[in-house]
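Subject: Structure handover

Hello,

Please find the structure below. My notes on it follow.

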There are 2 protein chains.
Amino acid sequence: MKLDSEHLEILAVIVEKGGLTEGADVLGKSQPSVSRSMALLEERIGLPLFEPGRRPLRPTELGASLARLGAKIRSANQEASLLVQRFRQGLAGRLRVGGSPIFMDGVVATMVAEFQGRHSDVQIDQSYGYLDQLETGLRNGGLDVAILPLHPAQVPLDMEFTPLLPGNNVIACRAGHPLTRRKAITLADIEPYAWIAPPANSPLYRDLQRALKSIGQEEFRVNFSGGTLASMQSVLAGSDALTVLPYSVVFLSRRTVPLEVLPLKIDHPDRQLGFLTVTDRQGPPAVRQFTGFLAAEFQRLQARIEHEQKLTLRRG
Amino acid sequence: MKLDSEHLEILAVIVEKGGLTEGADVLGKSQPSVSRSMALLEERIGLPLFEPGRRPLRPTELGASLARLGAKIRSANQEASLLVQRFRQGLAGRLRVGGSPIFMDGVVATMVAEFQGRHSDVQIDQSYGYLDQLETGLRNGGLDVAILPLHPAQVPLDMEFTPLLPGNNVIACRAGHPLTRRKAITLADIEPYAWIAPPANSPLYRDLQRALKSIGQEEFRVNFSGGTLASMQSVLAGSDALTVLPYSVVFLSRRTVPLEVLPLKIDHPDRQLGFLTVTDRQGPPAVRQFTGFLAAEFQRLQARIEHEQKLTLRRG
DNA sequence: GATATAATATCGCATTGTGTTATGAAACTG
DNA sequence: CAGTTTCATAACACAATGCGATATTATATC
């Protein structure tokens with residue numbers, strides 16, 4: 001025999017509040033309504049839930065025991081309501097975020113901690129990929145947001161792209177690298193040094209090729225490739241090798257890894273770092289929270305970058 | 001916003017069983033019914049509970065979380081059903097039993113342990129009193145059963161009395177008492193010994209008076225009175241004093257206290273030990289269990305007593 | 001990629017449960 | 001023994017739930 005959970009919850013409130021009338025008030029129902037609910041429950045159980053002929057209704061032993069279970073049910077139900085609320089506001093749930101590896105590791109990941117500090121119940125599943133994979137991921141629902149550098153013309157028709165930062169690349173080396181002591185750097189200066197290359201199929205690798213071509217260096221020697229940002233940083237810091245990285249990545253990396261940017265103008269790819277979502281699919285509400293958060297955070301980052309650049313210019 | 005606990009329970013089953021159809025089976029409902037319930041829940045929440053366009057229905061993150069809470073609710077509900085069942089069968093609950101002190105301590109209490117071994121969830125509240133108090137206790141609902149020696153004419157009109165044992169009293173003393181060595185005992189033999197008296201307002205005290213009067217001894221010396229059975233037993237075992245007790249009490253006490261019965265015929269009060277309940281009020285179902293148990297247990301006790309008496313006669 | 005199959009959604013209709021207000025009965029209070 | 005409080009009942013509207021029949025749509029199979 002299945003009891004009605006609603007009835008048990010009502011019973012719990014009545015017992016807790018010490019009376020049917022007050023219980024009805026707390027429940028936001030009319031007194032006759034809860035009275036009838038209890039009558040129904042009693043009828044089904046076939047045993048009295050309340051001592052007969054007591055005016056502030058007092059539960060029998062059975063009534064009190066069932067009330068305890070009703071309270072359990074009630075608290076679970078309330079927890080469910082809260083969960084839904086937080087979900088609605090994007091304060092709970094799971095978020096599947098994909099993006100280009102270097103950028104995710106170097107910039108986005110540093111912001112995730114902060115985001116989770118504010119929205120502790122949002123679980124973030126991070127994955128890596130380039131445009132093609134991210135696009136299909138978004139389409140088949142395997143991803144909620146993609147974060148990557150993109151040219152306006154590359155944005156698929158069914159998707160929306162929100163730029164966050166210019167995709168400026170720079171040539172980076174370890175702090176204290178011989179080249180950093182020079183005021184101006186020529187092609188001949190950098191020619192002897194080996195390069196750390198991002199994965200060969202990554203846009204960043206093509207950026208590297210293009211950048212070097214733009215300053216006239218068609219050939220370059222690669223002494224490390226295929227690693228994630230963490231590896232690149234280690235090799236970079238421990239050798240005199242050079243690499244190409246988004247400026248934002250270098251900027252944030254410097255908090256933990258001693259890197260410097262070579263004062264050498266290279267071609268910037270005409271791309272913006274930003275996030276990509278499917279138009280007309282809002283996904284879990286946490287997406288809005290997260291993208292909103294990212295937008296604000298990147299604005300702060302850009303401001304910090306510009307501030308620093310001003311200082312550098314003044315000094316330089 | 002209050003969610004429907006029933007909906008959450010359904011959700012839990014669907015998620016657990018991995019599909020709506022199977023879930024409906026387990027719940028004993030039709031597939032359309034649970035489908036609509038889920039549609040309603042989703043509509044109220046305003047967020048998808050299941051991944052869209054997946055045929056064996058798969059829950060979203062929110063759906064899975066809510067299902068966990070639904071499972072909680074479901075288990076509490078099932079526990080409630082079980083509780084009701086056990087209550088119905090008298091296997092759970094609380095029982096308020098009152099009775100005359102000596103008899104409760106000496107006989108009934110030894111049976112309570114056994115009863116609780118079989119019906120572990122029945123809590124027994126024992127209290128002491130004589131006819132008047134027990135009667136009012138039964139009437140105002142403070143007691144479920146009373147156990148006491150009663151004359152048929154004393155049974156109140158609105159109550160029912162079920163006899164369990166004849167209320168035979170005997171004169172008891174410690175084992176090894178000087179009187180036990182005699183074959184026949186006369187009034188003169190017992191005259192020197194002091195008496196342990198039950199509380200002055202107890203029927204047993206009046207029995208003592210009557211018994212001694214019946215064998216011709218109008219006066220008697222009391223050296224201990226007012227104690228419960230435990231005290232009486234201690235004094236009895238540690239001295240040469242005598243007392244009057246129901247035979248059943250002496251019989252059971254001998255398992256732990258070395259007592260003997262003096263072979264002296266005394267007047268038996270015309271009373272039966274038994275239990276008293278209010279007619280037309282069945283009280284908690286555990287009452288039936290308990291009274292039924294007592295009846296069986298007393299039958300066994302009586303058989304043991306009769307067996308012993310046969311042995312004694314044969315030996316004597 | 002057409003087709004078969006299984007899983008889910010929707011429809012129409014009867015039944016049950018829930019909510020309300022109005023009102024009666026019973027128990028507590030002073 | 002009033003007056004008050006507390007609960008039960010009646011009558012009605014409406015929402016939810018039950019069902020079978022049937023349409024729709026992923027997935028599996030060839």
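Which residue of chain A comes closest to the rotation axis? A:Ile73 does, with its C-alpha at 2.4 Å.

This is a predicted model, in which local features need pLDDT of at least 70 and side-chain atom pairs count only at pLDDT 80 or more, while totals for chains, interfaces and linings use all residues. Residues are numbered from 1 along each chain as its sequence is written, chains are lettered from A and ligands numbered from 1 in the order in which they are written, and side-chain values use heavy atoms, with hydrogens and water left out.

Symmetry. A turn of 180° and a shift of 0.1 Å along the axis lay chain A on chain B with an RMSD of 0.2 Å (least squares on the C-alpha atoms of residues with pLDDT of at least 70 in both). That is the relation of a two-fold axis. The copies meet through the same surface, because 100% of the interface residues of chain A are also interface residues in chain B (contact means heavy atoms within 4.5 Å).

Domains. Chain A is assigned domain 1 (5-88), domain 2 (92-166 + 271-315) and domain 3 (169-261); the bounds come from an automatic or database domain assignment. The C-alpha centres of domain 1 and domain 2 of chain A are 48 Å apart.

Helices. In chain A, helix α1 (residues 5-17) packs on helix α2 (residues 20-27) at an angle of about 120°, and their axes are 8 Å apart (helices are DSSP runs of H or I, at least four residues, numbered from the N terminus; axes are lines fitted to C-alpha atoms over the stretch in contact, with angles from 0 to 180 degrees between N-to-C directions). The contact involves A:Ile10, A:Val13, A:Ile14 and A:Lys17 of α1(A), and A:Leu20, A:Glu22, A:Gly23, A:Val26 and A:Leu27 of α2(A).

Regards

Key. Helix = DSSP H or I, 4+ residues; strand = E, 2+ residues; numbered from the N terminus.
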